[in-house]
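Open the model in a viewer and keep the sequence panel beside it. The stops below go from charged pairs to helices, cores and a surface patch.

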Amino acid sequence: MGTRRDSTPTLGDHAKEATGTMRAVEQHTYGSADVLHLATRSRPAPSERDVLVRVHAAGLDRGAVHLVTGKPYLLRLVFGVRRPRTPVPGRELAGTVVAVGSAVTRFAIGDEVFGIGRGSFAEYAVAPEAKLAHKPATMSFAQAAVVPVSALTALQALTDVGRVKAGQKVLVIGASGGVGTYAVQLAAAFGAVVTGVASAAKLDLVRSLGAAHVLDYSRDDFAATDVRYDLILDVGGFAAISRLRRALAPTGTLVLVGGEEGGDWTGGTIGRQLRARTTSLLVRQRLTSCLCKERAGDLERLAALADAGAVRSSVDRTYPLAEVPQAMRYVEAGQARGKIAIIPGTSR
């Protein structure tokens, strides 16, 4: 008698989890994947408005890669000039709440959550209550972990900035990447007719996400057809503004989302955005950009869309903590079909 018959965690178990050590990926300087190493460190403690999460999965995409390399350099003004302020990289996460700050009201110990935290490439991470939501019931931890930054950006680019409407023609450039895979699904869910641009090897993925039409970027010129789009989301960041405008309807909207080309200081992103906004003052077309706002309300909206079957995550591969450098190289090489998840509790 008195023997526990299952492995269900108790409040005492969670209290023990809130202290002690953990395995984590660390970086003490900016650079390539070679600066990352696995270490044992103290578990972080939540402040009054924070939540401590046992990380079941974390998301890795190009945004995370930029924070490891410290490029473009303008990022360092926010995340640390000489070295990262947070030595453990990673921001997207999904897991179980093991401790809450004194002012936290939306979550309790044992809740399954997803969202944006600090140092998610670890067994435990702290996240602000305002950047978390309850995990969609229809998603695994790996599927939920890759949602936050990418899907938030896609949602806000389409709705807040692009003002997408049912029946519109929407072009998504970079449709097979982290943001693009969600943009295709969300635009289709909102009733738009979606055309996705990706590499030939990934066109089947883009079709499966709801794109009515697909274009191979190496063969098909989206600006050379008679089709004019009401809304263009340029996630790839390679096309010239003039070329994008040729594919845009006379009163259509162009939304620039990131970009991988350009110099070390701005990465090409800021310069393109400034040119687009300046040009927009002189033409009928609306040329703008999207900067992701990390809001719990939008995470909750995405969770509802996921549970309704309108949004799913395309997880290409998963990696254990010890293989985060390999995962980063895979993403940098442009091989990923969708997103990559890091699973702290696994090894191979």
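A salt bridge here is a side-chain nitrogen of Lys or Arg within 4 Å of a carboxyl oxygen of Asp or Glu. The model is predicted, so local features need pLDDT of at least 70 and side-chain atom pairs count only at pLDDT 80 or more, while totals for chains, interfaces and linings use all residues. Residues are numbered from 1 along each chain as its sequence is written, and side-chain values use heavy atoms, with hydrogens and water left out.

**Salt bridges**

Select K339 and D61, whose side chains meet in a salt bridge at 3.8 Å, N to O. K339 lies in strand 15 (residues 339-342) and D61 in the loop between strand 3 (50-60) and helix 2 (62-69), so the pair ties together parts that are 278 residues apart in sequence. Helices (H or I, at least four residues) and strands (E, at least two) are DSSP runs, numbered from the N terminus. Both K339 and D61 are buried; buried means under 20% relative accessible area, exposed over 50%, and partly exposed in between, with a 1.4 Å probe and protein chains only.

Next, select R295 and D160, a salt bridge with its closest N and O atoms 2.6 Å apart. This pair links distant parts of the chain, with R295 in the loop between strand 13 (286-289) and helix 10 (296-307) and D160 in helix 5, 135 residues apart. Add E92 to the earlier selection: D61, E92 and K339 are joined into one network by salt bridges that share partners. Back at the other pair, R295 is partly exposed at 31% relative accessible area, and D160 is partly exposed at 40%.

The third pair is D34 and R329, in a salt bridge of 2.7 Å, N to O. D34 sits in the loop between strand 1 (21-26) and strand 2 (37-42) and R329 in helix 11 (residues 324-332), so parts 295 residues apart in sequence are tied together. D34 is exposed, at 59% relative accessibility, whereas R329 is partly exposed, at 39%. The whole structure has 14 salt bridges.

**Two covered helices**

Select residues 148-161, helix 5, where 12 of the 14 residues are buried. Just after helix 5 comes R163, with a positive phi near 55 degrees.

Move to helix 6, residues 178-189, whose 12 residues reach 17 Å from first C-alpha to last, close to the 16 Å expected at 1.5 Å a residue. The expected span is 1.5 Å times one less than the number of residues. Because 10 of its 12 residues are buried, helix 6 is largely enclosed by the rest of the structure. G191 follows helix 6 and has a positive phi, near 95 degrees.

**Cores**

A nonpolar core is a set of buried Ala, Val, Leu, Ile, Met, Phe, Trp, Tyr and Cys residues joined through side-chain atoms within 4.5 Å. Which residues of the largest core touch the most other members? Of its 51 residues, they are F114, L158, V170, Y182, V184, L186 and V255. Helix 5 gives the most to this core, with seven residues. Apart from this core lies another of 31 residues, among them L36, V55, A64 and V68.

Now center on V170. Leaving aside neighbours within four places in sequence, V170 is in contact (heavy atoms within 4.5 Å) with residues including L158, A187, Y229 and L231.

**Last stop**

Select L77, in helix 3 (residues 76-79). L77 is exposed, with a relative accessible area of 60%.
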